[in-house]
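Colleague: I am new to reading protein models, and I would like a close look at one part of this one. Could you take me through a strand and what surrounds it?

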Amino acid sequence: MAVSNLVRNLRDAELVLVDGTSPTPLSLTVVLDEGDLTWTERLNTIEVKDRGKISGGHLRRGDDVSVTLSFSAKWTQLIGKSASSGDPLQLYEFLTLASGTDVVSTSADGEQETLTLVFKVVDPAGVAGETITFEKVYRETLSLSEGDEFNVISFSGRSFAVAPTVERLV
């Protein structure tokens, strides 16, 4: 099968948040997102030098480093389900695992609260779509900012893994 040569862009993808509810996790597709999901994979390397010189030295793998990721979305409302059980779940509530929403962490009891983020990228030619999954994502910062045309929620966190899992969509 030939690989598509069409460039992907923000119109070809969606970001879905998934919690740890068993057996059927709750999920929330991020709507009105800016299409600015960013992630960084790092590899720590230890340079072992011979008396301060690279020649004669060698490289070793360093400690694992978790993946950093961030995204932002336009803010419609902050709370829904936590205020009234009949209201839909809102992005802010999902990201904060707000009380009264039934959102459950993907980590074990006693560990930092985490979620799973699934980034689905569809090939416009229908050949090679992909799913990028970030497991055990914990929040480092959640920024809310007011804007002239719209307000924005910005998430920044880490996935407790060295890389996301990337799979081809069938």
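Modeller: Happy to help; here is a walk along strand S6 and on to its surroundings. This is a predicted model, in which local features need pLDDT of at least 70 and side-chain atom pairs count only at pLDDT 80 or more, while totals for chains, interfaces and linings use all residues. Residues are numbered from 1 along each chain as its sequence is written, and side-chain values use heavy atoms, with hydrogens and water left out.

Strand S6 covers residues 67-74; strands (E, at least two residues) and helices (H or I, at least four) are DSSP runs, numbered from the N terminus. Two strands pair if DSSP finds at least two bridges between them. S6 pairs with strand S3 (residues 38-40) in the antiparallel sense, over three bridges, and Ser-70 is the bridge partner of Thr-38 there. S6 also runs antiparallel to strand S9 (residues 152-159), with eight bridges joining them; in this pairing, Val-67 stands opposite Ser-159.

Now for the side chains. In a regular strand they alternate between the two faces of the sheet. Phe-71 is among the residues with the most contacts inside the largest nonpolar core, which has 25 residues. Such a core is a set of buried Ala, Val, Leu, Ile, Met, Phe, Trp, Tyr and Cys residues joined through side-chain atoms within 4.5 Å. Buried means under 20% relative accessible area, exposed means over 50%, and partly exposed lies in between (1.4 Å probe, protein chains only). The elements giving two or more residues to this core include S6, S9 and strand S7 (115-121). Leu-117 touches Leu-69 and Phe-71, among others, not counting residues up to four places away in sequence; contact means heavy atoms within 4.5 Å.

Lys-74 in S6 takes part in a salt bridge with Glu-34, the closest N and O atoms being 2.8 Å apart. A salt bridge is a side-chain nitrogen of Lys or Arg within 4 Å of a carboxyl oxygen of Asp or Glu. Glu-34 sits in the loop between strand S2 (27-29) and S3, so this pair links distant parts of the chain, 40 residues apart. Lys-74 is partly exposed at 27%, and Glu-34 is also partly exposed, at 30%.

Beyond S6, the loop leading to helix H1 (91-96) holds Gln-90. Gln-90 counts as buried because its relative accessibility is 10%. Leaving aside neighbours within four places in sequence, its contacts include Leu-28 and Thr-76.
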